[in-house]
Amino acid sequence: YGTHSLFVADVSEAAHLSNAPSLTYQYYFDNIKPKPPVTREKKKKGYICKICGYFHEGGELPEDFICPICKHGADEFEQIGD
């Protein structure tokens, strides 16, 4: 699976070890992964991907837009500029 590992197992016993949140993708993106630097001038109008920092310059971002760098959808973009 490229950059991921897949472990397949039968669970024979379990124990509750901690109340700390699990390391899910969402937790990683919200709390661990460094935020991409905003490299565009604030005067330019557009949308920036919160995941990889890709900047889409222009008006409205289509709802079905997919980031050409990280392949995340329009919901991961933040509007910047006017």
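1. Let's start with Tyr-25. Is this residue buried or exposed? Its relative accessibility is 53%, so Tyr-25 counts as exposed, the cut-off for that label being over 50%. Keep in mind as you read on that this is a predicted model.

2. Tyr-25 has an aromatic partner, Phe-29. Both sit in helix α1, which covers residues 25-32. They are 4 residues apart, or about one turn of the helix. A search of the whole structure turns up 4 aromatic pairs. In the case of Tyr-25 and Phe-29, the ring centres are 6.4 Å apart and the planes meet at 20°, so this pair is stacked. Tyr-28 joins in as well: together with Tyr-25 and Phe-29 it makes up one aromatic cluster.

3. Now for another pair, Tyr-54 and Phe-77. What geometry do these two rings adopt? The arrangement is edge-to-face, with 6.5 Å from centre to centre and 85° between the planes. Tyr-54 is in the loop between β1 (46-49) and β2 (55-57), while Phe-77 is in strand β3 (residues 77-80), so the pair ties together parts that are 23 residues apart in sequence.

4. How accessible are the two partners? Tyr-54 has 26% relative accessibility, so it counts as partly exposed. Phe-77 has a relative accessible area of 9% and is buried; the label buried applies under 20%.

5. It helps to look at the sheet next. Three strands, in the order β2-β1-β3, form an open sheet with antiparallel pairing. Which strands are at the edges? They are β2 and β3, and each of them pairs on one side only. From one strand to the next, the twist averages 25°.

6. Zooming in on β1 and β3, you'll find that these strands run antiparallel and are joined by 4 bridges. Phe-77, in strand β3, stands opposite Cys-49. The C-alpha atoms of Phe-77 and Cys-49 are separated by 4.4 Å, although the two residues are 28 residues apart along the chain.

7. Finally, which residues does Phe-77 touch, leaving aside its neighbours within four places in sequence? Cys-49 and Tyr-54, both met above, are in contact with Phe-77. The list also has Tyr-47, Ile-48 and Lys-50, followed by Leu-61, Phe-65, Cys-67 and His-72. So if you want one residue to click on while you get to know this model, try Phe-77: it is buried, at 9% relative accessible area, and it forms the edge-to-face pair with Tyr-54.

Terms used: Residues are numbered from 1 along each chain as its sequence is written. This is a predicted model: local features need pLDDT of at least 70, side-chain atom pairs count only at pLDDT 80 or more; totals for chains, interfaces and linings use all residues. Side-chain values use heavy atoms; hydrogens and water are left out. Rings of Phe, Tyr and Trp (its six-membered ring) pair if their centres lie within 6.5 Å; planes under 30 degrees apart count as stacked, over 60 as edge-to-face and the rest as tilted. Helices (H or I, at least four residues) and strands (E, at least two) are DSSP runs, numbered from the N terminus. Buried means under 20% relative accessible area, exposed over 50%, partly exposed in between (1.4 Å probe, protein chains only). Two strands pair if DSSP finds at least two bridges between them. Axes are lines fitted to C-alpha atoms, for helices over the stretch in contact, and angles run from 0 to 180 degrees between N-to-C directions. Contact means heavy atoms within 4.5 Å.
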